[in-house]
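Here are my notes on this one, in no strict order of priority. Have the viewer open while you read, and start with the ligand.

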Amino acid sequence: MNTSMQPIRKIVIVGGGSAGWIAAAVLGSQFSREQLQVELVESEEIGTIGVGESTIPPFLELLQSLNIDERDFIQQTQASFKLGIEFSDWRVKGESYFHPFGTISAGMDETVFYQSWLKSRQLGDGYELQDFSPASVMASQKKFMLPQQAQQSPIGEARYALHLDAKLVADYLRRHAENNGVKRTEGRVTDIQCRQDGFIDNLTLANGEQIHGDFFIDCSGFRALLIEKTLGTDYSDWSHYLPCDRAVTIQTESTDTPPYTRAGAKDAGWMWRIPLQRRTGNGYVYASKFCSDDEALQTLLAGVEGKHLTEPHVIPFRTGVRREGWKANCLSLGLASGFIEPLESTAIHLVVRGMVHFMRNFPDRRCDAALVREYNRRMLMDYEEIRDFIVMHYCLTRRDDTPFWRWWQQMERPQSLQETLDYFAVKGELPETMDPLFAAVSWRSVCEGMGLRPQKYSALIDKFDPAVTRAHFERYLKAINEVVQKLPGHAEFIQKNCPHSQETA
Ligand code: FAD
């Protein structure tokens, strides 16, 4: 066996959307120019998908790991803060619920709190779960404060993410990556040549230029030029679990800047509203077997507020995942590697996860099969976990007012989801898995909003006196409300601390 190291000297990234520039920024920050050359090829003529405006808290960890100043980033990407998602009309029409970031624990151990709360509900108390979530309480009053600036109060337990302008994010990360030595090449890839062993050797651009690399990252979006068109890896189609396959989008002038994303259920899907500092992103995600593009457009236009800033734009997509996101000397990221509809804003996160798992399994030029297998196994787990969480939002519905919602009543759930729901219904916990993105606290919020509350509570809670628990709950609710009332409004907080930079307007 040849055990000598054959270090990768050059990585070529195809695509300059969020996926390509995240990959470039991570590589640029991890390796010196002498160690590793990174070249990113993108085509302005083809452009990027340009949506992807709502994130989840781990996105901020990416900024930290890249040594990016959060405030500068917010100002330059016209970002606003996100404390969670408001879901309306999902269980039945006319009801809404909130999925917040951060813990819900009333200052106790999270599990002990939830079990105590379940018991208090069984005893007839009327406490609402979300009244104990600092992020939910701030969101309900459209207030905001950075949790790290309120460590001594219940607000310290909140978490947040950002709403951002996808194009400005790609520009920002491009500057960051170029400053760290990443080379950008403008051009359209027209041909890809493989070696005899099936590894990719080089790309040819429309102007005839050839680009060689030891390793390639396919960030070419839904085109999947390298991973699918060249290496022929399969796509595992999940449309039997998630039938939405199109979105129509439009940007409008801001009329309101709440610190949360809105996801309103509609007749054949759901509509997002994402408030940025200077405009609002809107989109209707729908299933084409239940709704035409014209009907979808009408639904979208009826649901937006403010002057239109762009023309409506239809984006087709196919929910699923590439079983081998990494094959031979090619890693795929972003839309080239899979897509789950953006209900919980997880696509950019999956790009970051892809880079985390890739860096853990960073290969040499041989790309040992064990590393590739481990990466693919781990990414598939992430995708399946997120898929189940998204399906859960739909399949607990009581709506039967349209063919779309009736479809959900009879769909066959993924077995892994059914097992998780069965366990949750008994215990209010998740079966133990490695490192889930959506922890028990998220399932509790969404299940509660969708009407699934465990019927039993843990016997371990019976050692606590209900009167003492009640008094503790009352004190906590008083404290949280007193603090939140004094906080600035979200728009005011941004204006004072991180207003958008004029030059990006
Ligand atoms: P793209 O943005 O499509 O970029 C592809 C790149 O490849 C471009 O630079 C293009 O020029 C280049 N390219 C393609 N072919 C060639 C060629 N032949 N030669 C050279 N270059 C080429 N994510 C979230 O996290 N939150 C959200 O709220 C969210 N909302 C979404 C809503 C919708 C409707 C959709 C479809 C996606 C959403 N996403 C969201 C996902 C998010 O938009 C993508 O994950 C993210 O933008 C990454 O896209 P990408 O870089 O993989 O692809």
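For the ligand shell, Ala, Val, Leu, Ile, Met, Phe, Trp, Tyr, Cys and Pro count as nonpolar, Asp, Glu, Lys and Arg as charged, and the others, Gly among them, as polar. Keep in mind throughout that this is a predicted model.

1. Ligand shell. With those classes, the residues around the ligand split into 15 nonpolar, 14 polar and four charged. The shell has 33 residues, and the ones that come nearest are Gly16, Val51, Ser54, Val189 and Ile348. Two helices, α1 and α9, each put at least two residues into the shell.

2. Polar pairs with the ligand. Which residues should you click on here? Ser18 uses its side chain: one of its N or O atoms sits 3.1 Å from an oxygen of the ligand. Ser43 works through its backbone instead, with a polar atom 3.0 Å from a ligand oxygen. At Val189 the partner is a ligand nitrogen, 2.8 Å from a polar backbone atom. On its own the ligand has 1000 Å² of accessible area, and the protein covers 97% of that.

3. Helix α9, geometry. Does the length of this helix come out right or wrong? α9 covers residues 347-360, and at 1.5 Å a residue its 14 residues should span 20 Å; the C-alpha atoms at its ends are 20 Å apart, so the two agree.

4. Helix α9, burial. Of the 14 residues in α9, 10 are buried. These are Ile348, His349, Leu350, Val351, Val352, Arg353, Gly354, Met355, His357 and Phe358. Ile348 also turned up among the residues nearest the ligand. The cover over the buried part of α9 includes the helices α1 (18-30), α2 (58-65) and α10 (369-395), plus the strands β11 (215-218), β19 (326-327) and β20 (330-332).

5. Just ahead of α9. Have a look at Ser345, in the loop between β21 (338-339) and α9. Its phi is positive, about 55 degrees, although Ser345 is not a glycine. Ser345 has a relative accessibility of 7%, so it counts as buried.

6. A second positive phi. Gln78 is not a glycine either, and its phi is also positive, about 55 degrees. The residue sits in the loop between α3 (70-76) and β3 (80-82). Buried or exposed? Gln78 is buried, because its relative accessibility is 6% and the cut-off is under 20%.

7. Ser332. This one belongs to strand β20, which is part of the cover over α9. Ser332 is buried, with 1% relative accessible area. Beyond its neighbours up to four places away in sequence, Ser332 touches Asp218, Ile227, Arg322, Gly325, Ser337 and Tyr375.

8. Tyr286. You'll find it in strand β16 (residues 279-286). How accessible is Tyr286? Its relative accessibility is 0%, so Tyr286 counts as buried. Setting aside residues up to four places away in sequence, its contacts include Cys244, Arg246, Ala268, Cys291, Ala296 and Val314. Asp293 is also a contact of Tyr286, and the two side chains make a polar contact at 2.7 Å.

9. Helix α4. Residues 110-122 make up this 13-residue helix, which reaches 19 Å from first C-alpha to last, close to the 18 Å expected at 1.5 Å a residue. At its start, a side-chain oxygen of Asp109 comes within 3.0 Å of the backbone nitrogen of Thr111. After the helix comes Gly124, with a positive phi near 100 degrees. The buried residues of α4 are Phe113, Tyr114, Gln115, Ser116, Trp117, Leu118, Lys119 and Ser120. Their cover includes α12, α13 (440-449) and α14 (466-486).

10. Ser416. Since α12 has come up, here is a residue from it: Ser416 lies in that helix, which is residues 415-427. Ser416 is partly exposed, because its relative accessibility is 33%, and partly exposed runs between the 20% and 50% cut-offs. Leaving out neighbours within four places in sequence, Ser416 is in contact with Arg387 and Asp388. Asp388 is 28 residues away along the chain, and its C-alpha is 7.4 Å from that of Ser416.

Notes:
Residues numbered from 1 in each chain as written. Predicted model: local features only at pLDDT ≥ 70, side-chain atom pairs only at ≥ 80, totals over all residues. Heavy atoms only, no water. Helix = DSSP H or I, 4+ residues; strand = E, 2+ residues; numbered from the N terminus. Expected span 1.5 Å × (residues − 1). Buried < 20%, exposed > 50% of the residue type's maximum accessible area, 1.4 Å probe, protein only. Contact = heavy atoms within 4.5 Å. Near = heavy atom within 4 Å. Polar contact = N/O pair within 3.5 Å; in protein donor to acceptor, adjacent residues only side chain to side chain. Areas by Shrake-Rupley, 256 points an atom, 1.4 Å probe, with all protein chains shown as cover.
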